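Trainee: I should like to request a close look at a single part of this model, a strand and its surroundings. Please set it in the context of the rest of the chain afterwards.

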Amino acid sequence: MTGTAPILKTHPDDNVSIVLVEGGLKVGAELDDGTKLVDNVPFGHKVALTDIPEGGSVLRYGTVIGIAKEPLARGAWVNEHRIHLPEPPSLDALPAPAAPAPAAPALDGHTFDGYRNVDGSVGTKNLLAITTSVQCVAGVVDHVVRRIRDELLPRYPNVDGVVGLNHSYGCGVAIAAPDAKVPIRTLQNLARNPNFGGEVMVIGLGCEKLRPERLLPEGATGDDATTLFLQDLQFTGFAAMVDGILRQAEGHLERLDRRRREPCPASDLVVGVQCGGSDAFSGLTANPVVGYAADLIVAAGGTVLFSEVTEVRDAVHLLTPRAADAEVAAALAREMAWYDAYLGRGGADRSANTTPGNKAGGLSGIVEKALGSVVKSGTSPIVDVLGPGERVRRKGLNFAATPAGDFVCGTLQLAAGMNLHVFTTGRGTPYNLAECPTLKVATNSALAGRWHDLMDLDAGQIASGGATIEECGSELFRLILETASGRRQTAADRLGIFNDLTLFNPAPVT
């Protein structure tokens with residue numbers, strides 16, 4: 001390239017910049033602050049803007065993201081091999097909740113067309129969900145789902161689809177162990193997701209430890225909550241089993257088909273936010289865009305779930321001052337302490353979180369990744385902390401404690417009551433959930449161009465100066481309302497690609 005290349009610092013105190021030129025920069029290239037590269041530096045990776053001595057701090061987001069293992073000359077490539085992680089924030093000395101900031105002006109007048117449920121929740125899809133109590137029946141349920149899709153759904157045009165909630169739990173587990181409450185309540189609350197219309201249909205085998213009736217809503221009676229056992233003596237052969245399930249499904253489909261969309265305030269949204277395949281642009285573009293949209297949803301009276309304990313741990317000191325009260329701050333610390341103990345039991349450390357793809361995308365470690373991840377939460381007060389599998393209790397910004405794996409995080413957010421999902425990615429992933437619409441936001445324009453039919457919004461234009469965070473965040477808010485109304489289909493939904501759900505099971509197996 002000719003001329004100088006732009007630098008992009010996230011904070012005035014930063015002593016590194018990321019390379020914005022697609023294809024990266026070669027030795028000798030000059031940045032517009034006068035820095036000349038002494039290494040080849042790939043796209044999205046960091047270059048030292050000053051000489052950093054051995055043991056010196058590498059600063060990004062105005063925060064120490066690493067300690068130099070060796071002297072790093074101005075213009076050097078700064079990567080995971082040349083730094084080591086600083087100590088994580090002490091959980092015994094986290095900042096206390098700050099004095100409440102003045103409440104943001106209420107954002108009134110925004111609506112979407114959703115499906116109202118008896119329990120007060122609102123769906124953005126109208127789906128029949130078939131819950132399984134044990135993995136043994138998953139093959140049968142998959143067969144039944146195909147039959148329902150092909151043979152029954154054409155008769156019920158107002159039903160958007162059918163999903164099987166398969167999993168690997170239910171037997172061969174210590175069902176009475178204290179931690180067994182996590183997968184069990186996850187399954188219970190998955191069945192209550194707003195997009196399933198209050199219709200609970202559970203298929204069991206008959207001899208499993210997790211009894212299907214445990215997965216029905218408390219006090220459930222009547223035709224909208226049903227169970228069926230494959231080992232029931234009335235079934236002679238596979239065809240009889242399938243026919244019995246289809247008959248049961250028809251009753252649920254008839255009720256779902258009577259439902260219609262109606263105008264609902266944006267306060268009925270429960271939006272889960274997540275990132276996967278993150279890169280060095282995630283904390284500069286897509287995640288701030290999601291944070292801006294999250295603040296709009298909260299201002300409109302809605303609910304936002306942010307998660308991923310493994311990526312919050314190194315930035316938790318930025319979150320406790322935003323806790324609504326001391327109880328919420330203590331709950332944040334409790335979830336981080338659980339993670340520390342979990343790593344200790346497994347003989348691992350937090351550096352294991354950063355994937356080869358994250359590193360190829362310019363992230364040098366979990367601290368840098370965490371600082372870019374938490375900006376998805378915006379700036380609103382954190383009103384509650386949900387344990388894994390718990391259902392949302394308060395409107396506003398919630399921390400739903402989950403692992404960082406895409407599929408287990410999405411599953412737990414669905415159990416919390418998520419009715420729409422926003423997912424950011426820099427490396428690219430076809431991740432999608434059949435259970436709720438999933439909007440995908442690209443962190444960089446190179447990905448958005450390559451995966452033009454898999455991404456819903458290009459936030460990379462922020463890095464090039466083509467748009468602002470506020471402009472992209474407002475556009476994302478508009479896309480959320482349009483998608484929640486069924487007027488817009490997400491890119492991955494159009495392609496019909498969906499991922500399986502994954503249960504989080506910290507309990508022992510037997």
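The reply below begins with one strand and then turns to other parts of the chain.

Trainee: Is strand 11 buried or exposed, and with which strands does strand 11 pair?

Mentor: The model is a predicted one. Strand 11 spans residues 200-204, and five of its five residues are buried, so the strand is largely enclosed by the rest of the structure. The side chains alternate in direction: V200, V202 and G204 point one way, M201 and I203 point the other way, and all are buried.

Strand 11 has pairing partners in strand 9 and strand 12. With strand 9, residues 127-132, the pairing is parallel and runs over three bridges; within it, T132 has I203 of strand 11 as its bridge partner. With strand 12, residues 225-229, the pairing is again parallel, over five bridges. Here G204 is matched with F229 of strand 12. I203 and G204 thus each appear in a bridge, I203 with T132 and G204 with F229.

An antiparallel arrangement is found elsewhere in the chain. Three strands form an open sheet in the order 1-2-5, with antiparallel pairing. Its edges are strand 1 (16-18) and strand 5 (77-78), each of which pairs on one side only. Strand 1 is joined to strand 2, residues 46-48, by three bridges, and S17 has V47 of strand 2 as its bridge partner. An unreviewed UniProt entry annotates residues 15-84 as "domain: SAF". Over residues 15-84 the chain is 0% helix and 29% strand, with the end C-alpha atoms 16 Å apart.

A buried site in a loop is also worth attention. D314 lies between helix 5 (309-312) and helix 6 (326-346), and its relative accessibility of 3% means that D314 counts as buried. The side chain of D314 makes a polar contact with the side chain of R350 at 2.8 Å. Leaving aside residues up to four places away in sequence, D314 touches P88, P89, R350, I366, V367 and A370.

Finally, the cysteines. The structure holds zero disulfides. For C171, the closest cysteine sulfur is that of C207, at 6.1 Å, which is too far for a bond because a disulfide requires sulfur atoms within 2.5 Å. For C472, the closest cysteine sulfur belongs to C275 and is 17 Å away, also too far for a bond. C171 is partly exposed, with a relative accessible area of 37%, whereas C472 counts as buried at 3% relative accessibility.

Definitions and conventions. Residues numbered from 1 in each chain as written. Predicted model: local features only at pLDDT ≥ 70, side-chain atom pairs only at ≥ 80, totals over all residues. Heavy atoms only, no water. Helix = DSSP H or I, 4+ residues; strand = E, 2+ residues; numbered from the N terminus. Buried < 20%, exposed > 50% of the residue type's maximum accessible area, 1.4 Å probe, protein only. Polar contact = N/O pair within 3.5 Å; in protein donor to acceptor, adjacent residues only side chain to side chain. Contact = heavy atoms within 4.5 Å. Pairing = 2+ DSSP bridges. UniProt positions renumbered as here; feature names shortened; annotations may be inferred.
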